[in-house]
Amino acid sequence: MTIRGVLVIVIILGMWEAIRRFNIVGPLLLASPSEIVDALVTSGPEFFLALRFTFVEIATALTVAWILGLGTGIVAGMIPFLNATAGPLLSSLFAVPLITWYPLFMVWFGIGMTSKIAYAVVSGFFPIAINTMNGIHGLDRRYSVFAEAIGCSRRQAIFRILLPMALPSIMSGLRIGTALVVIGVLVAEMLASLGGIGFLISYYRSIYATGHVYLGILFALACALFTNWGLSLIERRFTHWRDLQVGER
């Protein structure tokens, strides 16, 4: 980071602190940087323990959502009948506000970790499945004919031709689905939970501890940034893999 960047951050933090010190914005609406730091000092271990809880939920939900979404999208994209039937169905279900489903997940799975993971899986499943299905279905059918002509097995045709060609659409779905998984976990924790960052945000909001609420928001942002960073690494790796696959052909 350049010196100019550091100065900009210092100025922003100084203005932020001044707004609270001079009570331009009330303490129920805004916490100053010093109040956030004080919350970290007093409740840091509690937040880091909750962060680990939330990361487990996010990692589990991402794994399941990716497997189900990619598997469904690949199968539906390669079979015209399934594409014609599953496409409108998935799109219609995805249009329903997912938050309306959460009471059902609470009834089925309780308020523990399982309901948060299930809700997040459903949140991320649809964009992954839809984008994967559309990416594969939208490919020129001549690619499949070419794979058969050169003697490729079904597995080789999928992994060496179809998936590399459909990778931009697949990665777009993974990026949207991953973001929705993170949001789903945090929102579910805020609605009804026994732990996690979302639970702490909701709890401290109820007792008007604004500094702790903003600290929880920063931890939630850290979850999103870390997940997005990991997805970017995967995207660069598979983009390189796609280039190699295309180059071999």
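Q: Where does Ile 11 lie, to start with a helix?
A: In this predicted model, Ile 11 lies in helix H1, which covers residues 3–21.

Q: Why is Ile 11 called exposed?
A: Its relative accessible area is 52%. The label "exposed" needs over 50%, so Ile 11 earns it.

Q: What makes Ile 3, Leu 7, Ile 11 and Met 15 a nonpolar patch on the surface?
A: Patch members must have over 30% relative accessible area and no salt bridge, and nonpolar side chains are joined within 5 Å. Ile 11, at 52%, is over that accessibility cut-off. Together the four residues have about 460 Å² of accessible area.

Q: Why is Thr 132 called buried?
A: Buried means under 20% relative accessible area, and Thr 132 comes in at 0%. So buried it is. Thr 132 is part of helix H5.

Q: Which residues is Thr 132 in contact with, leaving aside its neighbours within four places in sequence?
A: They are Leu 70, Gly 73, Ile 74 and Ile 170. Calling each of these a contact means heavy atoms within 4.5 Å.

Q: Which residues touch the most other members of the largest nonpolar core?
A: Phe 47, Leu 174 and Ile 197 do, in a core of 46 residues. Helices H2 (33–78), H5 (113–137), H7 (154–191), H8 (197–206) and H9 (210–248) each give two or more residues to this core. H7 gives the most, with 15 residues.

Q: What does Leu 174 touch, not counting residues up to four places away in sequence?
A: Leu 174 touches Trp 66, Leu 70, Ile 128 and Leu 231. Apart from the largest core lies another one, of 16 residues, among them Ala 76, Phe 105, Phe 125 and Ile 130.

Q: Why does Tyr 203 count as partly exposed?
A: Its relative accessibility is 40%. Buried would need under 20% and exposed over 50%, with partly exposed in between, so Tyr 203 gets the middle label. Tyr 203 sits in helix H8. Its C-alpha atom is separated by 8.5 Å from that of Val 213, 10 residues apart along the chain.

Q: Why does Tyr 208 count as exposed?
A: Tyr 208 has 62% relative accessibility, and the cut-off for exposed is over 50%, so the label fits. Tyr 208 is found in the loop between H8 and H9.

Q: What is phi of Tyr 208 near?
A: Phi of Tyr 208 is near 60°, a positive value in a residue other than glycine. Asn 23 also has a positive phi, near 55°, and lies in the loop between H1 and H2.

Q: How many helices and strands does the secondary structure of the chain come to?
A: The chain has 9 helices and 0 strands.

Q: Why is the chain called more spread out than a compact globule?
A: The globule rule gives 18 Å for 249 residues, and the radius of gyration is 23 Å, well over that, so the chain is more spread out than a compact globule. Along the principal axes, its C-alpha atoms fill a box of roughly 75 × 50 × 30 Å.

Q: What part of the 249 residues of the chain counts as buried?
A: That would be 41% of them. The chain exposes about 13800 Å², of which carbon and sulfur atoms supply 73%. Among contacts between residues at least 6 apart in sequence, 74% join residues at least 24 apart.

Note on methods: Residues are numbered from 1 along each chain as its sequence is written. This is a predicted model: local features need pLDDT of at least 70, side-chain atom pairs count only at pLDDT 80 or more; totals for chains, interfaces and linings use all residues. Side-chain values use heavy atoms; hydrogens and water are left out. Patches are made of residues with over 30% relative accessible area and no salt bridge: like charges are joined within 9 Å, nonpolar side chains (Val, Leu, Ile, Met, Phe, Trp, Tyr) within 5 Å. Accessible areas come from the Shrake-Rupley method with a 1.4 Å probe; for residues, only the protein chains shown count as cover. A salt bridge is a side-chain nitrogen of Lys or Arg within 4 Å of a carboxyl oxygen of Asp or Glu. Helices (H or I, at least four residues) and strands (E, at least two) are DSSP runs, numbered from the N terminus. Buried means under 20% relative accessible area, exposed over 50%, partly exposed in between (1.4 Å probe, protein chains only). A nonpolar core is a set of buried Ala, Val, Leu, Ile, Met, Phe, Trp, Tyr and Cys residues joined through side-chain atoms within 4.5 Å. The radius of gyration is taken over C-alpha atoms; the globule rule is 2.2 Å times the number of residues to the power 0.38.
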